[in-house]
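Work through the exercises below with the model open. Try each task before you read its solution.

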Number of protein chains: 2
Amino acid sequence: MSNPTIHDVAALADVSIKTVSRVLNGEDKVKPATRERVMAAVRQLGYSLNLSARSLSGARNYILGLVFHAGADETAIALQHEYVSAIQIGAINACRANGYHLMMEPLDLTAPDFETRASTLLNMPVMDGFIIMPPLCDHPVIIDMLIKRGANCVRISPSQALADLPLHVGIDDYQAAYDMTGHLLDMGHRRIGFIGGPVDHASAADRFRGFKNVLEGAGCFAASMVRYGDYGWDSGLAAGLDLLTLPERPTAIFALNDMMALGVYSAAHRLNLHIPNDVSVAGIDDTPSSRIATPPLTTVRQPIMAMGFAATEALIKASAGEKSSMNVLFAHELIERDSIGKR
Amino acid sequence: MSNPTIHDVAALADVSIKTVSRVLNGEDKVKPATRERVMAAVRQLGYSLNLSARSLSGARNYILGLVFHAGADETAIALQHEYVSAIQIGAINACRANGYHLMMEPLDLTAPDFETRASTLLNMPVMDGFIIMPPLCDHPVIIDMLIKRGANCVRISPSQALADLPLHVGIDDYQAAYDMTGHLLDMGHRRIGFIGGPVDHASAADRFRGFKNVLEGAGCFAASMVRYGDYGWDSGLAAGLDLLTLPERPTAIFALNDMMALGVYSAAHRLNLHIPNDVSVAGIDDTPSSRIATPPLTTVRQPIMAMGFAATEALIKASAGEKSSMNVLFAHELIERDSIGKR
DNA sequence: TTGTAAGCGTTATCAT
DNA sequence: ATGATAACGCTTACAA
């Protein structure tokens, strides 16, 4: 009833357990005939390696942790989850390609015992490394723990490079917002509403600067048209409602992520405003939702899955001892769809 | 540099490692004073228990695996991922509440080495149990392995109960489709297009029966208005385009899940058809996307997160040896929003 | 190219 | 109420 062990395989193949181990880990110095005999025994026994035992014996664990913020409100999590999901898919695929496993590790930034939980998590020896999502990747407490612990980790879209935490991926947030704002200008818009991101997402500040610089250059920045959201749909709806009922309503609204942009869609819909005839809408991310929205959303594509994949591969290489170099900054791309009209 | 172990804690607290273990696992026969001393040592050392060692020693692992189908195409995964995501959130919360961890385990149903991979996964001793998503939960090979292995598992929304696999959650798929079809009838629709689910999702067949029975009862079932999709957005778009360009186009389209219903939204949009004035649309699931769509989608609510939560709690109880009873069938609810108009 | 022996950090058994 | 010691299944020296 109990699972076969490496000893059973060794006995059946008539070799030592060490040789079985060598075969299982793809080491080179094994005679092909021996290897074949071992594999046959493995198949015959339906043997599968015990991860815990392998971890314990000091080698790698072959387990990575994806650390993300998740508060108590389930619905809110779901609506903000799309970005995490996309990174997750990339990470899962990288894991799958390398024989790794991925653990989902939520952390509630707002919980009273946040620090204790964070410390426990980051000190768990089962994980070879951590993929840290925003905004946690910019949180001083987390950064501090990561450095002190000498943790193997990769940060997703952090606001700044850190010499002690060399692995991270992201896009040029400033430039992304800059490009989209320029596009809006090109399309003839001058009264542009803006929905910023949450204060604790450092990259949101970069995006705001990109937006502001372009508009100030063109002499049409209006602080009265700036609102803030939390990257969630509801906050986009609220800000959209607010902006679109202004006495002089904007001809376009630029939301710093797609989810909030889709909130603006609903605001427009409620006010019987047509997109893009009455109001244009722009986002950032190119999440699946933006593609399937009606009308499809014009946005700045961030290759999120590819970033998740690359980040995870770098982490895996690092956990294997290789010094991994990585394309830190991914190219973004303005995706013109149907939500922006000419003025 | 290396982490403190139970021995370090024991030395510092001046007790045996067994006592430390007792404290850590909340066993009763420990003097309060001793317990306090141990806890102090734990805190002082920043000790955290090694999951691998615990697993190896034969105890529980405190790790669950979420097993879902994921092919090679990343984009397709993303678009079909919303249901998995919702279950995942529920599962994560249940894990969090019980000190468990969740591993994401993709399995490609279409891969040539599917059986080998499935067997390896289901035999991994690191996991205390598995949460099996559709369509894997209905796959004969998987079911067979699960039973043979005597695996601790819970199936999400399987087509039928299995005496050997007592744990599962779901809704009454037949009734859900039945209710929605009845509603469509009530709203005056008679020419109703239908987009079915993939053949390998057994619950899709139940839903189809629900739809067909109502319409046949009303004498307006038309096989010519039945199409099939794969629960993905693109397939909804294609089927929608097809149905809406029929010489006599349907006044309403019922898609078996929200993602395909949103595909119909895009089809309507491309054909310049207004929802619900020109065509009504209905779905099933009540995923986040359906709520934020414009117009908000009328759908049958499935409490997906709650199901994920309950399923996971049952699994945890079972892995702790408790015979867990569980509300297998969750109540569904017709959510009227704005995508269905009166005829 | 292959094998032997030690040890990874925990829980379980059986003492005391 | 507490402790000593033996597993658990694997990898990593080191030997042969």
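A residue counts as buried if 20 or more other C-beta atoms lie within 10 Å of its own, and as exposed if 12 or fewer do. Keep in mind that this is a predicted model.

**Exercise 1. Decide whether Gln302(B) is buried or exposed, then describe its surroundings.**

Step 1: locate the residue. Gln302(B) sits in the loop between strand 10 (298–301) and helix 13 of chain B.

Step 2: apply the cut-off. Gln302(B) has 25 C-beta neighbours inside 10 Å, so it is buried.

Step 3: list the contacts. Setting aside neighbours within four places in sequence, Gln302(B) touches Ile171(B), Ile284(B), Asp285(B), Asp286(B) and His332(B).

Step 4: check a spacing. Thr287(B) is 15 residues from Gln302(B) in sequence, and their C-alpha atoms are 8.4 Å apart.

**Exercise 2. Trace the open sheet of 12 strands and find which strands stand at its edges.**

Step 1: write the order. It reads 11(A)-5(A)-4(A)-3(A)-1(A)-2(A)-2(B)-1(B)-3(B)-4(B)-5(B)-11(B), and the pairing is mixed.

Step 2: find the edges. Strand 11 (329–330) of chain A and strand 11 (329–330) of chain B each have a single partner strand, so one side of each lacks a neighbour in the sheet.

Step 3: add the packing helix. Helix 13 (residues 304–319) of chain B packs on the sheet and touches strands 1, 3, 4, 5 and 11 of chain B. Its direction makes about 155° with that of strand 3 of chain B.

Step 4: inspect the pair that crosses the chains. Strand 2 of chain A and strand 2 of chain B run antiparallel, joined by 3 bridges. Here Leu102(A) has Met104(B) as its bridge partner.

Step 5: inspect a parallel pair. Strand 4 (residues 153–156) and strand 5 (residues 168–171) of chain B share 2 bridges in the parallel sense. Arg155(B) is partnered with His168(B).

**Exercise 3. Describe the side of chain B that touches chain A.**

Step 1: count. The contact draws 42 residues from chain B and 43 residues from chain A.

Step 2: find the main contributor. Helix 5 of chain B gives the most to this side, with 11 residues.

Step 3: sort by class. The side of chain B has 23 nonpolar, 17 polar and 2 charged residues.

**Exercise 4. Characterise the surface near DNA strand D.**

Step 1: count and name. 28 residues surround DNA strand D, and the closest are Ile6(A), Ser21(A), Ala53(A), Ser57(A) and Lys29(B).

Step 2: assign the largest share. Helix 2 of chain A supplies it, with 4 residues.

Step 3: sort by class. The surface has 11 nonpolar, 12 polar and 5 charged residues.

How values were computed:
Residues numbered from 1 in each chain as written. Chains lettered and ligands numbered in written order. Predicted model: local features only at pLDDT ≥ 70, side-chain atom pairs only at ≥ 80, totals over all residues. Contact = placed C-beta atoms within 7 Å. Nonpolar A, V, L, I, M, F, W, Y, C, P; charged D, E, K, R; others polar. Pairing = 2+ DSSP bridges. Near = placed C-beta within 6 Å. Axes fitted to C-alpha atoms, helices over the stretch in contact; angles between N-to-C directions.
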